[in-house]
Structures are given as structure tokens and as C-alpha cells.
Amino acid sequence: MALEKFHFTTCDDVDIVVPYYLDAVNRKGMKKIQKLAKEAGGFENLDDDVLFEHANIGKDTMAKIDEMSMRDYLKFLDQWMEESTVGES
């Protein structure tokens with residue numbers, strides 16, 4: 001079964017296509033993320049790179065993400081995380 005992908009286009013018309021966050025991270029990875037967040041004093045103090053690492057975002061895609069404006073980057077993160085829960089009960 002192929003996973004649905006999250007599509008995001010930056011203000012510079014760069015397309016980013018990645019698996020939805022909750023589809024990309026397995027339970028084992030989430031446990032590691034939670035442990036790191038606890039050590040960092042909460043998820044708000046956790047480096048975003050930890051999320052990308054456990055979601056197995058490829059180097060080419062990470063290069064595109066690293067070149068995003070901060071406005072696009074924050075919008076991308078918000079939508080990538082939020083839209084992962086759409087349709088769940």
C-alpha cells in the first residue's frame with residue numbers, strides 16, 4: 001500500500017513532496033522523539049531536525065527545506081504536522 005504524500009509549494013515555486021508526518025514516523029521513532037523532547041524540556045525546545053531525521057526525509061528534500069524562507073518553513077511545518085491528522089477519528 002502506497003502512503004499518501006503531503007504536497008507543499010514554496011513562494012519560489014519549489015515543490016516539496018513528503019509522506020505525511022504521522023505516516024512517516026513509526027512508533028519506535030516516536031518513542032525516541034518523546035525521550036529527546038523530555039530531555040529538552042518539552043517539544044517546543046526540540047530541534048526540528050529530529051523530526052525530519054525520524055521521518056526519513058531524503059537529503060535532496062532536506063536541501064529544499066533548508067532553502068525555504070522562514071515564512072514558508074513555518075507554514076510547511078504547521079501544515080505537515082496538522083494535515084497528518086486529517087480524517088482520523
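## The buried face of α5

In this predicted model, helix α5 buries D72, Y73, F76, L77 and W80. Look down the helix axis and those buried residues of α5 fall within an arc of 130°, so they line one face of the helix. That fits a general rule: an α-helix has 3.6 residues a turn, so residues three or four places apart point the same way.

Over on the other side of α5, you'll find M70, R71, L74 and E82 exposed. As for what sits on top of the buried residues, the cover includes β1, β2, α1, α3 and α4. The helix itself has 13 residues and spans 18 Å from first C-alpha to last, close to the 18 Å expected at 1.5 Å a residue.

## Aromatics

Searching the whole structure turns up nine aromatic pairs. One of them is F52 with W80, a stacked pair with 5.4 Å centre to centre and 20° between the planes. F52 sits in helix α3 (residues 48-54) and W80 in helix α5 (residues 70-82), so this pair ties together parts that are 28 residues apart in sequence. Both F52 and W80 are buried.

There's a wider group here too: F6, F8, Y20, Y21, F52, Y73, F76 and W80 make up one aromatic cluster.

## The β1–β2 hairpin

Strands β1 (residues 5-9) and β2 (residues 15-19) pair up antiparallel, with five bridges. F6, one of the cluster members, stands opposite V18 in β2. Five residues lie between the two strands of the hairpin, where D13 takes a positive phi near 65°.

Technical notes. Residues are numbered from 1 along each chain as its sequence is written. This is a predicted model: local features need pLDDT of at least 70, side-chain atom pairs count only at pLDDT 80 or more; totals for chains, interfaces and linings use all residues. Side-chain values use heavy atoms; hydrogens and water are left out. Two strands pair if DSSP finds at least two bridges between them. Helices (H or I, at least four residues) and strands (E, at least two) are DSSP runs, numbered from the N terminus. Rings of Phe, Tyr and Trp (its six-membered ring) pair if their centres lie within 6.5 Å; planes under 30 degrees apart count as stacked, over 60 as edge-to-face and the rest as tilted. Buried means under 20% relative accessible area, exposed over 50%, partly exposed in between (1.4 Å probe, protein chains only). The expected span of a helix is 1.5 Å times one less than its number of residues. The arc is that of the directions from the helix axis to the C-beta atoms. Contact means heavy atoms within 4.5 Å.
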